[in-house]
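The following exercises concern a predicted model. Each task is followed by a solution in steps.

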Amino acid sequence: MLYVLIGEDAPGSLDKRLAARPEHVARLQALQAEGRLVLAGPCPAVDSPDPGPAGFTGSVIIAEFPSLADAEAWAAADPYMTTGVFTRCTVKPFRKTLP
């Protein structure tokens with residue numbers, strides 16, 4: 001089943017985000033290689049694709065996992081969680097309708 005993971009950045013966490021990004025992206029690339037990643041990306045803090053020092057407010061990931069518990073475990077182990085980039089990550093079942 002698909003799950004949406006919505007991570008919320010801690011205030012002032014841009015430096016932590018940049019430091020943890022390579023490991024975070026590697027985990028996403030592993031999901032992609034397995035054919036389980038639908039989409040992933042950050043939410044800029046300002047209305048710009050490159051927010052610069054304003055940073056990000058969080059990230060959204062939609063991916064396939066065997067269960068909600070597996071999706072929650074994947075989110076909890078993500079470098080953005082373990083290094084304090086995210087203050088929390090909400091995980092919910094997701095049903096794709098369009099496109």
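**Exercise 1.** Determine whether Asp9 is buried or exposed, and identify its salt-bridge partner.

*Solution.* Step 1: Asp9 has a relative accessible area of 13%. Buried means under 20%, so Asp9 is buried. Step 2: the side chain of Asp9 meets that of Arg17 in a salt bridge, at 2.9 Å from N to O. Step 3: Arg17 has a relative accessibility of 5% and therefore counts as buried.

**Exercise 2.** Classify the accessibility of Glu8 and of Arg88, and state what their salt bridge ties together.

*Solution.* Step 1: the structure holds four salt bridges, and one of them joins the side chains of Glu8 and Arg88 at 3.1 Å, N to O. Step 2: Glu8 lies in strand β1 and Arg88 in strand β4 (residues 86-94), so the pair ties together parts that are 80 residues apart in sequence. Step 3: Glu8 is partly exposed at 28% relative accessibility; Arg88, with a relative accessible area of 46%, is partly exposed.

**Exercise 3.** Locate Ser13 and describe its surroundings.

*Solution.* Step 1: Ser13 is found in the loop between β1 (2-9) and α1 (14-33). Step 2: its relative accessible area is 4%, so Ser13 is buried. Step 3: the Ser13 side chain reaches the backbone oxygen of Ala10 at 2.8 Å. Step 4: leaving aside residues up to four places away in sequence, Ser13 touches Gly84 and Val85.

Terms used:
Residues are numbered from 1 along each chain as its sequence is written. This is a predicted model: local features need pLDDT of at least 70, side-chain atom pairs count only at pLDDT 80 or more; totals for chains, interfaces and linings use all residues. Side-chain values use heavy atoms; hydrogens and water are left out. Helices (H or I, at least four residues) and strands (E, at least two) are DSSP runs, numbered from the N terminus. Buried means under 20% relative accessible area, exposed over 50%, partly exposed in between (1.4 Å probe, protein chains only). A polar contact is a pair of N or O atoms within 3.5 Å; within protein, one must be able to donate a hydrogen and the other to accept it, and residues adjacent in sequence count only if both atoms are side-chain atoms. Contact means heavy atoms within 4.5 Å.
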